[in-house]
Amino acid sequence: MALVAALRSVFYGLLASTGLYALFIGLLTIPVLQDQVIYLNRVTLTWFQDVNIPEQWGFLRNQVTPFFLTTPDGESLHAWHILPLELYRQNQEALSTEPQGLALDVKKRLSFKLLRDDPSSLLVLYFHGAAGTLGSGWRPPSYRAMSVGAPHRIHTLAIDYRGFGSSSGYPSEKGLLTDAITLAEWAMKEAGIPPSRIVIFAQSIGTAVSLSLVHHMATQPKPVLFSGLVLVAPFADVESLTATYRIAGTVPLLDPVAKFPRLLAWLNTLIITKWPSKTKLADFIRQCEDMDQESPRYDVTIIHAEDDYDIPWSHSEKLFWHAANASMTHGITFDELEKEKIASRVNNDAGGWAVERRTRRGVIREEIMKYGLHDRIMSYPVVSLAVMRAFKTLV
Ligand SMILES: *[C@@H]1O[C@H](CO)[C@@H](O)[C@H](O)[C@H]1NC(C)=O
């Protein structure tokens, strides 16, 4: 009897959890809830910490200037301007006499003048991943990794997108692109840095935002091309992400659904957030390949770790293929490209491998590290080096 009772409770337990899961999948078809899962913007990870005091994340006094940017549609975006260390050292005394914390008028701050007034200053526009704020996780060490290659000149500007941290509003595909454009326009117009001195750096969902940004800028009547683009742990698009994404690298959210391709395909038709990165990247490359000889050249680096449990590195393989394919008049199949890659790649053993393709109007790189996980890799030397290369004037 005890056995029957035990079996019965197991049976009811399974029934209940299947029911709960079905309910969860049902809830996922509601757009507002989808966005909560995709952006995780309310999971701030810096709870009870004031993101206007960057010293909490290991920065020196006034090495970081927090300020707000206003978007054309009226949202206010929380931003950090991070000074590189050698430039900081040269100005330490003057910087330490300035007030700390949020700058109400950033243009009056020395940090801003150091960026604007030096004709050799370089700038990274930084687009972070899902969840958290400007100060969470591996982001602060990652900001510091941006400038390692030229610590007297490489500034970094990072934002919390709408709906994240202290920024106003709710995240959306269109909204995040507006945020990215706002930051880029501010950098070019207010700080006066030409696109040839700007590199775009992004991780995880930030890579989708940045691909939308570079695509948007390159397809304007007067195309704008940044010096380079560095993508860390990107994904091909939301549709292929749903099958493989693991929250915090552990919870394979849609694994049970992914076992039924038709069910997954149906679910995907209901997910309104698309972030079609592979198409944006291919269109961007085609756009650049069509430009004339005098136009600037494009420079794209894709970096992924083999031990990334959140987003598998197969997404980078896919993106690289779409980029390479778009750079060739007659295209190339995935398998053909794989053969070429194996023949031409630099093998770094425990350090992973790298492939570089020089195209007619630019260069596309893929660097697969053996170690780095999903977030930690943003602070690694492979990233510092990629940023250096992306600033073509540096190397
Ligand atoms: C690859 O490029 C060719 C030629 O431009 C194009 O016809 C084809 O659709 C591309 N393949 C993919 C998967 O985008």
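Two residues are taken to be in contact when heavy atoms of the pair lie within 4.5 Å. In the predicted model, T178 meets this criterion with T71, P72, D73 and R162, residues up to four places away in sequence being left out of the count. T178 itself belongs to helix α7, which spans residues 173-190. Its relative accessible area is 19%; because the limit for a buried residue is under 20%, T178 is classed as buried. Within the polar environment of this residue, a polar atom of the T178 side chain is placed 3.0 Å from the backbone oxygen of K174.

Attention was next given to backbone torsions at two residues in loops. For S204, phi is near 50°, a positive value in a residue other than glycine. S204 is located in the loop that links strand β5 (198-203) to helix α8 (205-218). With a relative accessible area of 8%, S204 is buried.

A positive phi is also found at L373, where the angle is near 55° and the residue is again other than glycine. The loop that holds L373 runs between strand β12 (362-369) and helix α15 (381-390). Here the relative accessible area is 30%; since partly exposed residues fall between the limits of 20% and 50%, L373 is assigned to the partly exposed class. Positive phi values therefore occur in this model both at a buried loop residue, S204, and at a partly exposed one, L373.

How values were computed
Residues numbered from 1 in each chain as written. Predicted model: local features only at pLDDT ≥ 70, side-chain atom pairs only at ≥ 80, totals over all residues. Heavy atoms only, no water. Helix = DSSP H or I, 4+ residues; strand = E, 2+ residues; numbered from the N terminus. Buried < 20%, exposed > 50% of the residue type's maximum accessible area, 1.4 Å probe, protein only. Polar contact = N/O pair within 3.5 Å; in protein donor to acceptor, adjacent residues only side chain to side chain.
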